[in-house]
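Open the model in a viewer and keep the selection panel at hand. The stops below go one selection at a time.

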Amino acid sequence: MDHQSTPLFTALKKHAAGNPVQFHIPGHKKGHGTDPEFREFVGDNALSIDLINIAPLDDLHQPSGVIEQAQKLAANAFGADYTYFSVQGTSGAIMTMILSICSPGDKIIVPRNIHKSIMSAIIFAGAKPVFVSPTQDKNLGIDHGITTSSVRRALQRHPDAKAVVVINPTYFGVCANLKEIVDLAHSFHVPVLVDEAHGVHIHFHEKLPMSAMQAGADMAATSVHKLGGSMTQSSILNLNVKNGYVNPQRVQTIISMLTTTSTSYLLLASLDTARRNLALHGHELAEQSIEMAEYLRGEINKIEGLYCFGREILGGEATFDFDPTKVTVHVRHLGITGYETENWLRDHYNIEVELSDMYNILCLITPGDTRETIEILLSALRDLSKTYYKENNANELVVKVPEIPQLSLIPRDAFYADTEVIPFRESAGRIIAEFIYVYPPGIPILLPGEVISQDNIDYIVDHVEVGLPVKGPEDRYINNVKVIVEADPIF
């Protein structure tokens, strides 16, 4: 296929160049009706292609022209049978995967460290999650993925499961043996759905982990915007239909149900051009990112009090491979938290990191980086070390892992049940009716339908008190929580 071409972007430019007289939305009409300051900042080129699904520009909901051509090129680039563009982010693509497979009451095997969009889809589907615990890294205080062994146990116990969800790679770039997990699940006649939010680039370089399509997975939701150069909120859903588990027509129906009818052509065009760039230059771009990240990793490991893991952590079931462009900096030996480190870098060096937790910060190295940005980060981290490092001043590494609560109700039933609001610290033993999770990365601590334990309460309070981003409940301060109403006994 001709990956030099950009069918959708080219059609948009041609349409704008014709300067049509528009009597359709958006009402700003090429920027003439928008705020002048915004127009000047954004530019007329961008506003001229902020269009809608008129005939020359195809329709994402039933593509038969330039969008269809652009999606076929993307499928070819990613080794998929079908690719669908998502303007609802990877969250929309993830929900599509699950809703395409699961019906009310169906079981689905999922890692506990799933993104909140997976649980949202489980609620919408009325499915029943079967949780598999990820492997904890007791040296770094982070979660890795689920292992082949744990998936085998889950499938043996629940052979009627409709799907297995795998995160590949994790937020921190670590992968289990995806090919092995896919082959195992298929031996049980169960499809594999991959959350590939942080792996758009891995398909394009042999030094990076195996992509979902390379491993033979059935569907993969992939964030092109995170690391692939497209605009925020633009993602793709890749399908492998050769195993017979996925109906592409049903997937098209579901993704259309979840997608706005006012689709953003700016986002769609950025997917079209990002695909071109990855298909033509992905290997070269990935090589540059890997080289910069490995240089950064080596220099960080020379700084007192800091540690940045590399291939030395590999060798376990959950640590089969990793993406070196994810640079995780362990700061525990400075005697400060990752959250404090994030704020210090922002306040002193105007640096923004991807995420922080109790012991780490995560920095993403992409084709958008240069040696200059790398050196700025290194200067900041050296200054951070000089400011905080003292011998024997390390924070104690306590890997607190909240127990997976008992699932008392299917999440959808709990979400829509009669509820009441009570003080969170007094909620032990009650069934929660809302989410509580740490974002980023969006990992759930409590989900609708689970029984709150004192261990869960203590874990969440500890996170809130150190300032980590615990989110989800309607009460943003988590003083109160919504629980299922329990009827008083009648005597």
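Is E450 buried or exposed? E450 counts as buried, at 0% relative accessibility. The model is a predicted one, and this residue is the starting point of the tour.

**Stop 1: E450 and R112**

Select E450 together with R112. Their side chains meet in a salt bridge, with an N to O distance of 2.6 Å. E450 sits in the loop between β18 and α16, while R112 sits in the loop between β2 (107-111) and α6 (116-125), so the pair ties together parts that are 338 residues apart in sequence. R112 also counts as buried, since its relative accessibility is 7% and the cut-off for buried is under 20%.

**Stop 2: the sheet on either side of that loop**

Now select 436-438, which is strand β17, then add β18 (443-446) and β19 (470-471). These three strands make an open sheet, ordered β18-β17-β19, with antiparallel pairing. β18 and β19 are the edge strands: each has a single partner strand, so one side of each is left without a neighbour in the sheet. Between β17 and β18 there are three bridges. To see one of the bridge partnerships, pick V438, whose partner in β18 is I443.

Add residues 454-465, helix α16. The helix lies across β17, β18 and β19, and runs at about 130° to β18.

**Stop 3: E420 and R430**

Select E420 and R430. They form a salt bridge in which the closest N and O atoms are 2.6 Å apart. E420 belongs to strand β16 (residues 419-423) and R430 to the loop between β16 and β17, ten residues apart. E420 is partly exposed, at 32% relative accessible area, whereas R430 counts as buried at 15%.

**Stop 4: other salt bridges**

How many salt bridges does a search of the whole structure find? The search finds 20. Select E299, K302 and R382 next: salt bridges with shared partners join these residues into one network. Then move to R39 and D44, a salt bridge whose closest N and O atoms are 2.7 Å apart. Here R39 counts as partly exposed at 23% relative accessibility, and D44 also counts as partly exposed, at 38%.

**Stop 5: the largest nonpolar core**

Select I98, I108, M219 and L237. These are the residues with the most contacts inside the largest nonpolar core, which has 34 residues. At least two residues of this core come from each of α5, β2, α6, β9 (219-222), β10 (235-239) and α11 (248-257). The largest share is that of α5, with seven residues.

Centre the view on L237 and show its surroundings. Leaving aside residues up to four places away in sequence, L237 touches Y82, T83, Y84, A93, T96, M97, M219, A220, A221 and V251.

For a second core, separate from this one, select I49, I52, L57 and A269, which are among its 29 residues.

**Stop 6: S100**

Go back to helix α5 (residues 89-101) and pick S100. What does S100 touch, not counting residues up to four places away in sequence? The contacts are M219, R250, V251 and I254. S100 is buried, with a relative accessible area of 11%. M219 was selected at the previous stop, as one of the residues with the most contacts inside the largest nonpolar core, and V251 is listed among the contacts of L237.

Definitions and conventions: Residues are numbered from 1 along each chain as its sequence is written. This is a predicted model: local features need pLDDT of at least 70, side-chain atom pairs count only at pLDDT 80 or more; totals for chains, interfaces and linings use all residues. Side-chain values use heavy atoms; hydrogens and water are left out. Two strands pair if DSSP finds at least two bridges between them. Helices (H or I, at least four residues) and strands (E, at least two) are DSSP runs, numbered from the N terminus. Contact means heavy atoms within 4.5 Å. Axes are lines fitted to C-alpha atoms, for helices over the stretch in contact, and angles run from 0 to 180 degrees between N-to-C directions. Buried means under 20% relative accessible area, exposed over 50%, partly exposed in between (1.4 Å probe, protein chains only). A salt bridge is a side-chain nitrogen of Lys or Arg within 4 Å of a carboxyl oxygen of Asp or Glu. A nonpolar core is a set of buried Ala, Val, Leu, Ile, Met, Phe, Trp, Tyr and Cys residues joined through side-chain atoms within 4.5 Å.
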